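User: I have a new structure to look at and don't know where to start. Can you walk me through it?
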Amino acid sequence: MFSRAISAARPAATRALRSNSKPLNLRAFSVTPRASSGGHGPAPPGLFGPGAKPGEVPGIAEQSTGLERLQYLGDAEGIEVFDTAPLDSSRIGTKKDPILVPSPAPERLVGCTGSPADSHDVLWFPLMKGRQHRCLECGSVYQMDFYGEEHDDHHH
């Protein structure tokens with residue numbers, strides 16, 4: 001895709017370099033507007049804030065973007081976007097009955113504090129889809145309960 005973009009821009013750049021007139025105002029590809037297919041299909045998601053008015057200092061409502069803005073908008077409407085509830089610590093997970101960790105991503109960091117809760121310092125470990133992990137301190141077994149898109153890890 002990059003080579004096609006370069007091939008398309010090469011003739012215009014060559015003409016600009018050969019001309020004896022004033023140089024054209026050239027823009028980098030990063031600031032060139034996105035090509036449109038005539039308004040077909042849904043609009044891209046709008047997770048960008050409106051920005052601050054001139055002379056004002058922007059707050060989180062004006063300048064937040066991406067996941068931060070999603071969380072801010074959810075909090076403003078009383079919707080909990082991310083599940084921050086603690087995991088079940090009333091028992092120790094076993095290989096046959098592990099503690100299930102819900103996750104929309106195929107990999108997630110998990111912190112174990114033992115059973116009962118706070119019986120040892122927090123130990124953090126990566127938990128991956130399809131694999132169990134045992135806490136090295138208390139021996140509790142964790143397993144991911146994956147609920148995301150099956151092939152949504154193409155961006156990694």
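Analyst: One definition to begin with: a residue is buried when its relative accessible area is under 20%, and exposed when that area is over 50%. This is a predicted model, and buried residues make up 14% of the 156 residues in the chain.

User: How many helices and strands are there?
Analyst: The chain has 3 helices and 5 strands. Along the sequence they follow the pattern α-α-α-β-β-β-β-β.

User: And how much surface does the chain expose?
Analyst: About 12600 Å², with carbon and sulfur atoms supplying 56% of it.

User: What share of the contacts join residues at least 24 apart?
Analyst: Counting contacts between residues at least 6 apart in sequence, 34% join residues at least 24 apart.

User: Which residues make up the largest nonpolar core?
Analyst: There are 10 residues in it: Ile99, Val101, Val110, Cys112, Phe125, Leu127, Cys135, Tyr142, Met144 and Phe146. At least two residues of this core come from each of strands S1 (99–103), S2 (107–112), S3 (123–128) and S5 (141–146).

User: Which strand gives the most?
Analyst: S5, with 3 residues.

User: Pick Val110. What does it touch?
Analyst: Leaving aside residues up to four places away in sequence, Val110 touches Leu87, Val101, Leu123, Trp124, Phe125, Leu127 and Tyr142.

User: I see two cysteines in that core list. How many disulfides are in the whole structure?
Analyst: The search finds 0 disulfides.

User: Why is there no bond between Cys112 and Cys135?
Analyst: Their sulfurs are 3.6 Å apart, which is too far for a bond. The cut-off for a disulfide is 2.5 Å between the sulfur atoms. For Cys135, the closest cysteine sulfur is the one in Cys112, and for Cys112 it is the one in Cys135.

User: Is Cys112 buried or exposed? And Cys135?
Analyst: Cys112 counts as buried because its relative accessibility is 1%. Cys135 also counts as buried, at 3%.

User: Different topic: where is Arg69?
Analyst: Arg69 is in helix H3, which covers residues 66–76. Arg69 is buried yet has no salt bridge.

User: How far is the nearest side chain of opposite charge?
Analyst: That side chain is Glu62, and it is 7.8 Å away from Arg69. A salt bridge needs the charged atoms within 4 Å.

User: So what does Arg69 touch?
Analyst: Not counting residues up to four places away in sequence, Arg69 touches Leu47, Phe48, Gly49, Pro50, Ile60, Ala61 and Ser64.

User: What about Arg131, buried or exposed?
Analyst: Arg131 counts as exposed, because its relative accessibility is 52%. Arg131 is found in the loop between S3 and strand S4 (132–134).

User: Which residues does Arg131 touch?
Analyst: Setting aside residues up to four places away in sequence, Arg131 touches Tyr142, Gln143 and Met144. Arg131 and Gln143 are 12 residues apart in sequence, and their C-alpha atoms are 6.4 Å apart in space.

User: Now the backbone. Which way is the peptide bond from Ser115 to Pro116, cis or trans?
Analyst: The bond from Ser115 to Pro116 is cis, with omega near 0°. Pro116 lies in the loop between S2 and S3.

User: What is phi at Asp118?
Analyst: Asp118 has a positive phi of about 65°, although it is not a glycine. Asp118 is found in the loop between S2 and S3, and at 65% relative accessibility Asp118 counts as exposed.

User: Why point those two out?
Analyst: Because most residues other than glycine have a negative phi, and most peptide bonds are trans.

Conventions:
Residues are numbered from 1 along each chain as its sequence is written. This is a predicted model: local features need pLDDT of at least 70, side-chain atom pairs count only at pLDDT 80 or more; totals for chains, interfaces and linings use all residues. Side-chain values use heavy atoms; hydrogens and water are left out. Buried means under 20% relative accessible area, exposed over 50%, partly exposed in between (1.4 Å probe, protein chains only). A nonpolar core is a set of buried Ala, Val, Leu, Ile, Met, Phe, Trp, Tyr and Cys residues joined through side-chain atoms within 4.5 Å. Helices (H or I, at least four residues) and strands (E, at least two) are DSSP runs, numbered from the N terminus. Contact means heavy atoms within 4.5 Å. Lys and Arg count as positive and Asp and Glu as negative; His and the chain ends are not counted. Accessible areas come from the Shrake-Rupley method with a 1.4 Å probe; for residues, only the protein chains shown count as cover.
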